[in-house]
Amino acid sequence: MPSLESLEALPTRTQIDAHSVRYRPQWWRTRVPSTYWPTSLDGLPADEHKPRWHRISRSDVAHLAADHTAPGRVRLLVAAYVWGTGSSGFLLGRNTRWLKGDLGDVGGRLVSAAQVLQTQGAGAAYSSMLRGGDNAVAYVGPAFFTKYLYFAASGVTVPGPRPLILDRRVASALRSHTDLGTSKQGWSVAEYEAYLARAAALADQHGADPDAVELALFRAGGSGT
């Protein structure tokens with residue numbers, strides 16, 4: 001079995017922050033209530049190859065993490081969805097179902113999850129957002145709530161390993177490059193924590209940030225979110 005060492009060279013901090021995707025603002029502006037739309041996205045650069053499309057990077061999403069209010073946390077999740085959905089218009093219906101719920105309640109749950117992250121660590125925050133958990137949000141599964149936790153950790157101290165994104169592409173690469181035996185979906189807390197520990201160890205070994213390992217896994221994992 002290949003190892004994580006067989007992945008391409010780990011990306012730099014600059015490359016991680018600049019990791020961007022193409023998206024259509026109009027897809028989202030018609031679905032997100034104005035109170036919860038991240039207005040900073042309005043000034044993002046247009047895609048030079050496709051009219052009416054723009055580009056959003058990891059750093060563009062991370063900047064929204066400074067607002068710790070309930071509406072601010074919802075806007076952070078919106079931006080994480082915009083970035084995570086990218087140009088996949090066929091996913092839009094599925095990826096906006098959560099916006100039809102009580103967004104005041106959603107904001108409270110997201111605030112609480114971020115507090116758990118900062119006080120108890122990524123594993124506890126992950127557990128709290130799983131279905132049935134205290135901070136679970138309807139229609140928001142691990143592939144996207146790990147994006148939320150990842151960005152919510154921007155600029156703050158977190159006990160234990162840093163939260164990282166775990167979606168189908170990352171899980172596929174973990175199965176191909178490690179012995180962790182990660183499920184195809186519905187990842188357990190133990191699987192998530194094992195992944196974070198392995199990524200942190202490899203990053204430390206190479207003097208890189210843990211999300212450099214996550215991005216390398218994402219690039220190696222093929223299609224799927």
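A residue counts as buried when its relative accessible area is under 20%, as exposed when this area is over 50%, and as partly exposed in between. The structure described here is a predicted model. On this scale arginine 29, at 39% relative accessibility, is partly exposed, and aspartate 42, at 43%, is likewise partly exposed.

The side chains of arginine 29 and aspartate 42 form a salt bridge, with an N to O distance of 2.9 Å. Because arginine 29 belongs to helix H2 and aspartate 42 to the loop between H2 and S2, this pair links parts that lie 13 residues apart in sequence. Across the whole structure, 10 salt bridges were found. One of them joins arginine 22 and aspartate 47 at 3.2 Å, N to O. Arginine 22 is located in strand S1 and aspartate 47 in the loop between helix H2 (25–29) and S2, so the contact ties together parts that are 25 residues apart in sequence. Arginine 22 has a relative accessibility of 25% and is therefore partly exposed, whereas aspartate 47, at 7%, is buried. A further salt bridge is made by the side chains of aspartate 67 and arginine 75, again with an N to O distance given as 3.2 Å. Aspartate 67 is partly exposed, at 27% relative accessibility. In addition, Arg13, Asp17, Asp209 and Asp211 are joined into one network by salt bridges that share partners.

Strand S1, which covers residues 20–23, shows an alternating arrangement of side chains. In a regular strand the side chains alternate between the two faces of the sheet. Val21 and Tyr23 are directed to one face and are buried, while Ser20 and Arg22 are directed to the other and are not buried. S1 runs antiparallel to strand S2 (residues 54–57), and 4 bridges join the two. Within this pairing, tyrosine 23 is placed opposite histidine 54 of S2.

Among the helices, H8 (residues 142–152) is largely enclosed by the rest of the structure, because 11 of its 11 residues are buried. The buried residues of H8 include the aromatic side chains Phe144, Phe145, Tyr148, Tyr150 and Phe151, and also Lys147. Glycine 107 is part of helix H6 and, with a relative accessibility of 0%, counts as buried. The C-alpha atom of glycine 107 is separated by 9.4 Å from that of leucine 77, a residue 30 positions away along the chain.

On the surface, Arg31, Arg94, Arg97, Lys100 and Arg168 gather in a patch of positive charge. Lysine 100, one of these residues, is situated in the loop between helix H5 (92–95) and helix H6 (103–120). Its relative accessibility of 74% is over 50%, so lysine 100 counts as exposed.

Two residues were noted for their backbone angles. Most residues other than glycine have a negative phi. Arginine 52, which is not a glycine, has a positive phi of about 70°. Arginine 52 is located in the loop between H2 and S2 and is exposed, with a relative accessible area of 62%. Tyrosine 139, also not a glycine, has a positive phi of about 75°. Tyrosine 139 is found in the loop between helix H7 (122–129) and H8, and is exposed at a relative accessible area of 51%.

Terms used. Residues numbered from 1 in each chain as written. Predicted model: local features only at pLDDT ≥ 70, side-chain atom pairs only at ≥ 80, totals over all residues. Heavy atoms only, no water. Patch = residues over 30% accessible without salt bridge, like charges linked within 9 Å, V, L, I, M, F, W, Y side chains within 5 Å. Areas by Shrake-Rupley, 256 points an atom, 1.4 Å probe, with all protein chains shown as cover. Salt bridge = Lys/Arg side-chain N within 4 Å of Asp/Glu carboxyl O. Lys, Arg positive; Asp, Glu negative; His and termini not counted. Charge placed at Lys NZ, Arg CZ, Asp CG, Glu CD. Buried < 20%, exposed > 50% of the residue type's maximum accessible area, 1.4 Å probe, protein only. Pairing = 2+ DSSP bridges.
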